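Subject: A structure for you to explore

Hi there,

Here is the structure I promised to pass on to you. Have a look around it first, and then read my notes below.

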Amino acid sequence: MTRRKRAFDIVGAAGGLLFFGPVMLCVAAAILLDDGAPVFFRQTRLGRSQRPFQILKFRSMRGGAVTRVGRVVRATGLDELPQFLNILRGELSAVGPRPVTIDDAQRFGWFAAHAAARWSLTPGLTGLAQLAARSPAEGLALDRCYARRQSLALDARLVAMSFVVNALGKTRARRVLFGR
(Lines give C-alpha, C1' and ligand atoms only; values in the text may rest on other atoms or scores of the structure.)
Protein backbone atom coordinates (compact mmCIF):
# COMPACT_ATOMS: atom_id res chain seq x y z
CA MET A 1 0.00 0.00 0.00
CA THR A 2 1.40 3.35 -0.92
CA ARG A 3 1.84 6.05 1.69
CA ARG A 4 -0.59 8.30 -0.20
CA LYS A 5 -3.31 5.62 -0.18
CA ARG A 6 -2.71 4.96 3.52
CA ALA A 7 -2.93 8.70 4.25
CA PHE A 8 -6.18 8.83 2.20
CA ASP A 9 -7.50 5.96 4.32
CA ILE A 10 -6.52 7.49 7.67
CA VAL A 11 -7.88 10.93 6.85
CA GLY A 12 -11.09 9.44 5.43
CA ALA A 13 -11.65 7.05 8.35
CA ALA A 14 -10.91 9.70 10.99
CA GLY A 15 -13.19 12.15 9.16
CA GLY A 16 -15.85 9.46 8.84
CA LEU A 17 -15.72 8.73 12.57
CA LEU A 18 -16.03 12.42 13.38
CA PHE A 19 -18.83 13.04 10.89
CA PHE A 20 -20.78 9.83 11.60
CA GLY A 21 -19.96 9.70 15.35
CA PRO A 22 -23.37 11.04 16.41
CA VAL A 23 -25.11 8.62 14.02
CA MET A 24 -23.04 5.75 15.38
CA LEU A 25 -24.04 6.65 18.94
CA CYS A 26 -27.71 6.69 17.88
CA VAL A 27 -27.39 3.31 16.13
CA ALA A 28 -25.66 1.82 19.18
CA ALA A 29 -28.37 3.18 21.47
CA ALA A 30 -31.12 1.88 19.17
CA ILE A 31 -29.59 -1.61 19.15
CA LEU A 32 -29.28 -1.59 22.95
CA LEU A 33 -32.83 -0.34 23.48
CA ASP A 34 -34.43 -2.61 20.89
CA ASP A 35 -32.49 -5.81 21.40
CA GLY A 36 -29.85 -5.41 24.10
CA ALA A 37 -26.13 -6.08 24.02
CA PRO A 38 -23.85 -6.75 22.26
CA VAL A 39 -23.88 -3.76 19.93
CA PHE A 40 -21.12 -5.02 17.64
CA PHE A 41 -20.72 -8.11 15.50
CA ARG A 42 -17.23 -9.44 14.85
CA GLN A 43 -16.35 -11.93 12.15
CA THR A 44 -13.08 -13.35 10.86
CA ARG A 45 -12.35 -12.20 7.31
CA LEU A 46 -9.32 -12.56 5.08
CA GLY A 47 -7.21 -9.50 4.36
CA ARG A 48 -4.16 -8.75 2.28
CA SER A 49 -2.06 -11.88 1.65
CA GLN A 50 -4.97 -13.92 3.07
CA ARG A 51 -4.20 -12.80 6.64
CA PRO A 52 -7.23 -13.17 8.93
CA PHE A 53 -8.60 -10.21 10.87
CA GLN A 54 -11.76 -9.41 12.83
CA ILE A 55 -14.15 -7.19 10.89
CA LEU A 56 -16.40 -4.99 12.99
CA LYS A 57 -20.04 -4.17 12.21
CA PHE A 58 -23.11 -3.07 14.10
CA ARG A 59 -25.06 -6.18 15.07
CA SER A 60 -28.17 -6.57 12.94
CA MET A 61 -29.31 -10.10 13.82
CA ARG A 62 -30.32 -12.12 16.85
CA GLY A 63 -30.78 -15.88 16.76
CA GLY A 64 -30.57 -16.04 12.97
CA ALA A 65 -33.25 -13.37 12.38
CA VAL A 66 -32.75 -9.78 11.34
CA THR A 67 -33.83 -7.38 14.09
CA ARG A 68 -36.01 -4.28 13.60
CA VAL A 69 -33.00 -1.98 13.91
CA GLY A 70 -31.01 -4.44 11.80
CA ARG A 71 -33.35 -3.98 8.85
CA VAL A 72 -32.73 -0.24 8.90
CA VAL A 73 -28.96 -0.35 9.39
CA ARG A 74 -28.53 -2.97 6.68
CA ALA A 75 -30.70 -1.11 4.17
CA THR A 76 -28.78 2.13 4.73
CA GLY A 77 -25.29 0.66 5.10
CA LEU A 78 -25.00 2.05 8.63
CA ASP A 79 -24.01 -1.40 9.89
CA GLU A 80 -20.65 -0.90 8.14
CA LEU A 81 -19.67 2.34 9.95
CA PRO A 82 -17.62 0.60 12.69
CA GLN A 83 -15.28 -0.56 9.92
CA PHE A 84 -13.70 2.90 10.03
CA LEU A 85 -11.86 1.41 13.05
CA ASN A 86 -10.65 -1.49 10.87
CA ILE A 87 -9.34 1.11 8.42
CA LEU A 88 -7.48 3.01 11.14
CA ARG A 89 -5.89 -0.28 12.28
CA GLY A 90 -4.73 -0.94 8.69
CA GLU A 91 -6.82 -4.11 8.26
CA LEU A 92 -9.08 -2.46 5.69
CA SER A 93 -8.64 0.27 3.16
CA ALA A 94 -11.37 2.69 2.15
CA VAL A 95 -11.38 1.04 -1.29
CA GLY A 96 -10.34 -2.47 -2.27
CA PRO A 97 -11.67 -5.99 -2.81
CA ARG A 98 -14.46 -7.13 -0.53
CA PRO A 99 -13.09 -8.84 2.58
CA VAL A 100 -14.41 -12.41 2.51
CA THR A 101 -14.61 -15.27 4.99
CA ILE A 102 -12.44 -18.35 4.57
CA ASP A 103 -15.58 -20.32 3.62
CA ASP A 104 -16.50 -17.80 0.91
CA ALA A 105 -12.97 -17.81 -0.53
CA GLN A 106 -13.06 -21.62 -0.71
CA ARG A 107 -16.57 -21.72 -2.19
CA PHE A 108 -15.66 -19.13 -4.85
CA GLY A 109 -12.35 -20.87 -5.67
CA TRP A 110 -10.37 -17.76 -4.73
CA PHE A 111 -7.42 -19.61 -3.19
CA ALA A 112 -6.35 -20.59 -6.71
CA ALA A 113 -3.64 -18.76 -8.68
CA HIS A 114 -6.18 -16.96 -10.91
CA ALA A 115 -7.35 -14.97 -7.84
CA ALA A 116 -3.87 -13.82 -6.71
CA ALA A 117 -4.46 -10.16 -7.66
CA ARG A 118 -7.25 -9.76 -5.09
CA TRP A 119 -4.95 -10.99 -2.29
CA SER A 120 -2.23 -8.51 -3.25
CA LEU A 121 -4.47 -5.64 -2.11
CA THR A 122 -5.81 -4.56 1.26
CA PRO A 123 -9.55 -5.27 1.25
CA GLY A 124 -11.86 -2.28 1.27
CA LEU A 125 -14.93 -0.90 2.95
CA THR A 126 -16.11 -0.27 -0.60
CA GLY A 127 -14.78 -1.18 -4.00
CA LEU A 128 -15.45 -1.63 -7.67
CA ALA A 129 -16.73 -5.19 -7.20
CA GLN A 130 -18.89 -4.29 -4.17
CA LEU A 131 -20.59 -1.58 -6.22
CA ALA A 132 -20.96 -3.28 -9.59
CA ALA A 133 -20.57 -7.08 -9.43
CA ARG A 134 -23.59 -9.35 -9.65
CA SER A 135 -21.72 -12.64 -9.10
CA PRO A 136 -18.50 -13.87 -7.48
CA ALA A 137 -16.94 -14.43 -10.93
CA GLU A 138 -17.78 -10.88 -12.01
CA GLY A 139 -16.50 -9.63 -8.64
CA LEU A 140 -13.15 -11.36 -9.15
CA ALA A 141 -12.84 -9.86 -12.64
CA LEU A 142 -13.58 -6.39 -11.23
CA ASP A 143 -11.06 -6.94 -8.41
CA ARG A 144 -8.42 -7.73 -11.05
CA CYS A 145 -9.41 -4.61 -12.99
CA TYR A 146 -9.13 -2.50 -9.84
CA ALA A 147 -5.71 -4.00 -9.04
CA ARG A 148 -4.44 -2.91 -12.48
CA ARG A 149 -6.00 0.57 -12.47
CA GLN A 150 -6.03 1.65 -8.84
CA SER A 151 -5.38 5.31 -8.14
CA LEU A 152 -6.46 7.89 -5.58
CA ALA A 153 -8.71 9.47 -8.22
CA LEU A 154 -10.47 6.13 -8.81
CA ASP A 155 -10.71 5.58 -5.05
CA ALA A 156 -12.34 9.00 -4.59
CA ARG A 157 -14.88 8.21 -7.35
CA LEU A 158 -15.70 4.82 -5.81
CA VAL A 159 -16.17 6.37 -2.35
CA ALA A 160 -18.52 8.95 -3.87
CA MET A 161 -20.41 6.19 -5.70
CA SER A 162 -20.87 4.30 -2.43
CA PHE A 163 -22.56 7.33 -0.91
CA VAL A 164 -24.97 7.28 -3.87
CA VAL A 165 -25.62 3.57 -3.29
CA ASN A 166 -26.30 4.16 0.41
CA ALA A 167 -28.58 7.11 -0.34
CA LEU A 168 -30.60 5.45 -3.12
CA GLY A 169 -30.26 1.76 -2.28
CA LYS A 170 -28.22 -0.69 -4.34
CA THR A 171 -30.84 -1.53 -6.98
CA ARG A 172 -31.80 2.09 -7.76
CA ALA A 173 -28.19 3.25 -7.59
CA ARG A 174 -27.09 0.59 -10.08
CA ARG A 175 -29.75 1.81 -12.50
CA VAL A 176 -28.58 5.41 -12.08
CA LEU A 177 -24.84 4.69 -12.13
CA PHE A 178 -24.60 1.76 -14.53
CA GLY A 179 -27.86 1.85 -16.50
CA ARG A 180 -28.88 -1.61 -15.28
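Below is what was found, taken region by region.

First, please keep in mind that this is a predicted model. The protein has a mean pLDDT of 92, and 93% of its residues reach 70 or more. The confidence varies from element to element: strand E2, residues 52-58, has the highest mean pLDDT at 98, while helix H9, residues 170-178, has the lowest at 66.

Let's begin in helix H1, which spans residues 3-35 and holds isoleucine 10. Which residues make a nonpolar surface patch of about 210 Å²? The patch is formed by Ile10 together with Leu85 and Leu88. Is isoleucine 10 buried, partly exposed or exposed? Its relative accessibility is 38%, so isoleucine 10 counts as partly exposed; that label covers values between the 20% limit for buried and the 50% limit for exposed.

Aspartate 9 is also a residue of helix H1. Here is a nice one to look up on screen: aspartate 9 is buried, yet it has no salt bridge. Its nearest side chain of opposite charge belongs to arginine 6, 4.5 Å away, whereas a salt bridge needs the charged atoms to be within 4 Å. What does the side chain of aspartate 9 reach at 3.0 Å? The partner is the backbone nitrogen of alanine 94.

Now move along the chain to the loop between H1 and strand E1 (40-46), where you will find proline 38. The peptide bond that leads from alanine 37 into proline 38 is cis, and its omega is near 0 degrees.

My last stop is the loop between E1 and E2, where serine 49 sits. Glutamine 50 is placed in the loop between E1 and E2 as well. Both are worth a look for their backbone angles. Serine 49 is not a glycine, but its phi is positive, at about 60 degrees. Glutamine 50, another residue other than glycine, has a positive phi near 65 degrees. How much of each is accessible? With 46% relative accessibility, serine 49 is classed as partly exposed. Glutamine 50 has a relative accessible area of 31%, so this residue is partly exposed too.

If you want a route through the model, try aspartate 9 and its contact with the backbone nitrogen of alanine 94, then the cis peptide bond before proline 38, and finish with the positive phi of serine 49.

Enjoy exploring!

Best wishes

Terms used: Residues are numbered from 1 along each chain as its sequence is written. This is a predicted model: local features need pLDDT of at least 70, side-chain atom pairs count only at pLDDT 80 or more; totals for chains, interfaces and linings use all residues. Side-chain values use heavy atoms; hydrogens and water are left out. pLDDT is the predictor's confidence in each residue, from 0 to 100. Helices (H or I, at least four residues) and strands (E, at least two) are DSSP runs, numbered from the N terminus. Patches are made of residues with over 30% relative accessible area and no salt bridge: like charges are joined within 9 Å, nonpolar side chains (Val, Leu, Ile, Met, Phe, Trp, Tyr) within 5 Å. Accessible areas come from the Shrake-Rupley method with a 1.4 Å probe; for residues, only the protein chains shown count as cover. Buried means under 20% relative accessible area, exposed over 50%, partly exposed in between (1.4 Å probe, protein chains only). Lys and Arg count as positive and Asp and Glu as negative; His and the chain ends are not counted. A polar contact is a pair of N or O atoms within 3.5 Å; within protein, one must be able to donate a hydrogen and the other to accept it, and residues adjacent in sequence count only if both atoms are side-chain atoms.
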